[in-house]
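Visitor: Could you walk me through this structure and explain the terms as we go?
Guide: With pleasure; here it is.

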Amino acid sequence: MQQMMKQAQKMQQQLAAAQAELAEAELTGTAGGGLVTVTISGAGEVRAIKIDPKAVDPEDVETLEDLVLAAVHNAHDEVRKLTEEKMGPVTGGMGGLGLPGF
């Protein structure tokens with residue numbers, strides 16, 4: 001029983017360390033060959049959006065909206081990959097730990 005408690009504590013410490021790493025990470029998503037770039041934290045917070053002036057066409061706002069949305073989705077995919085990379089070894093494939101889903 002004591003061994004199981006030690007293992008649980010160790011896993012808790014590893015989980016906390018992985019979560020801290022994720023919170024500090026910044027990932028980037030792009031769309032349109034780099035015309036739109038989104039920077040996002042490992043916790044999923046959008047921190048910056050950069051739009052190349054070439055992407056701005058007053059006659060075609062819909063395309064720019066689509067590029068921004070695609071860049072945000074791409075950035076969230078990067079967060080998901082990093083989360084799996086950092087948390088996978090700690091959780092050993094266990095689900096339901098209350099981690100954010102993107």
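Visitor: How many Å² does the protein chain expose, and what share do carbon and sulfur atoms supply?
Guide: The protein chain exposes about 6,900 Å², and 54% of that comes from carbon and sulfur atoms. Accessible areas are computed by the Shrake-Rupley method with a 1.4 Å probe, and for residues only the protein chains shown count as cover. Please keep in mind that this is a predicted model: local features need pLDDT of at least 70, side-chain atom pairs count only at pLDDT 80 or more, and totals for chains, interfaces and linings use all residues. Residues are numbered from 1 along each chain as its sequence is written, and side-chain values use heavy atoms, with hydrogens and water left out.

Visitor: What makes up the secondary structure of the protein chain?
Guide: There are 2 helices and 3 strands, in the pattern α-β-β-β-α along the sequence. Helices (H or I, at least four residues) and strands (E, at least two) are DSSP runs, numbered from the N terminus.

Visitor: Which order do the strands of the open sheet have?
Guide: The order is 1-2-3, with antiparallel pairing. Strand 1 (26–31) and strand 3 are the edge strands, each pairing on one side only.

Visitor: How do you know that strand 1 and strand 2 pair?
Guide: Two strands pair if DSSP finds at least two bridges between them. Strand 1 and strand 2 (residues 36–41) run antiparallel and are joined by 6 bridges, so the criterion of at least two is met. Within this pairing, threonine 30 stands opposite threonine 37 of strand 2.

Visitor: Why is serine 41 called buried?
Guide: Buried means under 20% relative accessible area, exposed over 50%, and partly exposed in between (1.4 Å probe, protein chains only). Serine 41, in strand 2, has a relative accessible area of 1%, so it counts as buried. Leaving aside neighbours within four places in sequence, serine 41 is in contact (heavy atoms within 4.5 Å) with Ala23, Ala25, Arg47 and Val79. Across the protein chain, buried residues make up 26% of the 102 residues.

Visitor: And why is isoleucine 49 called partly exposed?
Guide: Isoleucine 49, in strand 3 (residues 46–51), has 43% relative accessibility, which lies between the two limits, so it counts as partly exposed.

Visitor: Which residues form a nonpolar patch on the surface?
Guide: Val46, Ile49, Ile51 and Val56 do, with about 310 Å² of accessible area together.

Definitions and conventions:
Patches are made of residues with over 30% relative accessible area and no salt bridge: like charges are joined within 9 Å, nonpolar side chains (Val, Leu, Ile, Met, Phe, Trp, Tyr) within 5 Å. A salt bridge is a side-chain nitrogen of Lys or Arg within 4 Å of a carboxyl oxygen of Asp or Glu.
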